[in-house]
Amino acid sequence: MAYENIYFIGIGGIGMSAIARYYKFKGLNVSGYDKTPSDLTEALVAEGIGVHYEDNVDFIPKDVEKTLVVYTPAIPQSLNELQYVFANGYRVIKRSRMLGEITQGQKCLAVSGTHGKTTTSTMVAHIVTESGAGCSAFLGGISKNYGTNMLVSHTPTVVVEADEFDRSFHQLHPAIAVITAMDADHLDIYGDLEHVHEAFKIFASQVSDVVIKKYGLDITEKDTKAKIYTYSYKDAAADYHPENIRLDDLGHYTYDLVHPQGVIKDIKVGTLGWVNIENSIAAAAICLQHGISEDAIRHAIGTFQGAKRRVDVHVNVPGLTYIDDYAHHPEELATAISSIRGIFPHRKITAVFQPHLYTRTRDFAAEFAAALSAVDKLILLDIYPAREEPIPGVTSEIIFKDVTAPEKVLIHKEELMDLLEKEPIDVLVTFGAGNVDRYIEPITQMLLSR
């Protein structure tokens, strides 16, 4: 690449920031725009990457021939900076295309799926790194082991989270890929579940060596030339499955992993909840197929600390627990709540949920209500709009009215801290993909002061 400058429009996004870090590591001049400051943008600035927060074309490098512009489809087309680079002859590409170009010529290990992919891909990157084999990695969350969403290595292996949003994962051609789930999501893009499935089948067709799918998913030999294996947390018919599952007093599971070549005994999962047994099975499967040893896999799953905002434990002392989770789809919520209930079966679970997107709220209101009814008390916040304009009649009320949890309250997020300060807390969980994460630190400090 003859470029000297790479300019990112939407640099604070989790996927965009990973690529920005990669090219900073490669020695290019990296800068960009984002709408608001965040922990991620502050980290980028600390690493020497220029970030600004006003829609101002003066910040864009003026050497058109030597500047590549990368943007995320979450950015509105009306943004002045985006219109400027299109009008002035810059090479402008989407983030997904950029990731596709980076992974070309390397052995790509990809994790896709409508949920579970961030934790699983982060775990894969950790196992491959800890084993000494080494990899670069582009992750959809911040690894708690490494404090970043991007790992770099001179080994020609790259681990990526393959995102189905905007069909981004169609830019990838992995050697080995996991498919964790194919549920209805992003229906503003796909329209219906049939087109979601079609997109995953196209992704599977681009995998060269091995597809590892969750048991029961509709991916067959006619969809891919790659060899297909299955994994499951609960079905012993899958190629990769657990047996002899044990739970200790601190909420950690240990299990034996049955796989096509044998059994890995006594894998203790470093993160909490049965969902992380499932994620670790998928991660172990991809790593075994990549040639990582059984001992290295067992050790790394035990030392894995998780990804930020994925069943992320902030307070856990006798009688008081606070967990934060990124869940923003009904299936994710149901899985996370079930996992947390499994760890703390006899305790009162209070959940704070901030719906994400008007379209997702409209399309899955009934499913959200059903999932959230499994908690003991629900504190429901207003919808976080992200990239969307309001839709008439679509508010958090369409979820709230059908929730059957023993206690429920609907509030504005500005009222949250006042409410929680008066609330008796046993197990508290915050859920959502919007800006509810801004409350993690205040909630943590408030609870620790009790």
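The exercises below, each with a worked solution, concern a predicted model of a protein chain.

**Exercise 1. Overall dimensions**

Determine how the radius of gyration of the protein chain compares with that of a compact globule, and describe the chain's make-up.

*Solution.* Begin with the expectation: for 450 residues, a compact globule would have a radius of gyration near 22 Å, and the protein chain, with 22 Å, agrees with this. Next, take the extent along the principal axes, where the C-alpha trace spans about 65 × 55 × 45 Å. Then turn to the secondary structure, which consists of 14 helices and 21 strands. Finally, consider burial and contacts: 58% of the 450 residues count as buried, and of the contacts with a separation of 6 or more, 64% are between residues 24 or more positions apart.

**Exercise 2. The nonpolar cores**

Find which residues of the largest nonpolar core touch the most other members, and which helix supplies the largest share of this core.

*Solution.* The largest nonpolar core holds 119 residues, and within this core Phe138 and Phe431 touch the most other members. Its largest share, 11 residues, is supplied by helix α8 (residues 274–290). A second core of 18 residues is separate, and includes Val315, Leu381, Met417 and Val436. To examine one of the two phenylalanines further, list the contacts of Phe431 while leaving aside residues up to four places away in sequence: among them are Asp325, Leu333, Ile337, Ile340, Val352, Phe353 and Val436.

**Exercise 3. The six-stranded sheet**

Work out which strands stand at the edges of the open sheet of 6 strands, and what this leaves on one side of each.

*Solution.* Write down the strand order first, which is β16-β17-β21-β18-β19-β20, with mixed pairing. The strands at the edges are β16 (312–317) and β20 (407–410), and because each has a single partner strand, one side of each is left without a neighbour in the sheet. From one strand to the next, the twist averages 10 degrees. Inside the order, consider β18 (residues 349–353) and β21 (residues 427–431), which pair in the parallel sense over 5 bridges; here Ile349 has Val427 of β21 as its bridge partner. To complete the picture, add helix α10 (residues 330–343), which lies across β17 (320–325), β18 and β21, and runs at about 165 degrees to β21.

**Exercise 4. Salt bridges across the sequence**

For the salt bridges Arg95 to Asp163, Arg347 to Asp426 and Lys377 to Glu407, establish which parts of the chain each pair connects.

*Solution.* The model has 27 salt bridges in total, where the cut-off from nitrogen to carboxyl oxygen is 4 Å.

- Arg95 and Asp163 have their closest N and O atoms 3.7 Å apart. Since Arg95 lies in helix α4 (residues 95–103) and Asp163 in the loop between β9 (157–162) and β10 (176–179), the pair ties together parts that are 68 residues apart in sequence. Arg95 is buried, at a relative accessible area of 14%.
- Arg347 and Asp426 meet at 2.7 Å, N to O. Arg347 is in the loop between α10 and β18 and Asp426 in the loop between α13 (416–422) and β21, 79 residues apart. Asp426 is buried, with a relative accessible area of 19%.
- Lys377 and Glu407 have their closest N and O atoms 3.8 Å apart. Lys377 belongs to strand β19 (residues 377–380) and Glu407 to strand β20, so the pair ties together parts 30 residues apart in sequence. Lys377 counts as buried at 11% relative accessibility, whereas Glu407, at 33%, counts as partly exposed.

Apart from these pairs, Arg246, Asp256, Lys265 and Asp266 are linked in a network of salt bridges.

Methods
Residues numbered from 1 in each chain as written. Predicted model: local features only at pLDDT ≥ 70, side-chain atom pairs only at ≥ 80, totals over all residues. Heavy atoms only, no water. Core = buried A, V, L, I, M, F, W, Y, C linked by side-chain atoms within 4.5 Å. Buried < 20%, exposed > 50% of the residue type's maximum accessible area, 1.4 Å probe, protein only. Helix = DSSP H or I, 4+ residues; strand = E, 2+ residues; numbered from the N terminus. Contact = heavy atoms within 4.5 Å. Pairing = 2+ DSSP bridges. Axes fitted to C-alpha atoms, helices over the stretch in contact; angles between N-to-C directions. Salt bridge = Lys/Arg side-chain N within 4 Å of Asp/Glu carboxyl O. Rg over C-alpha atoms; globule rule 2.2 N^0.38 Å.
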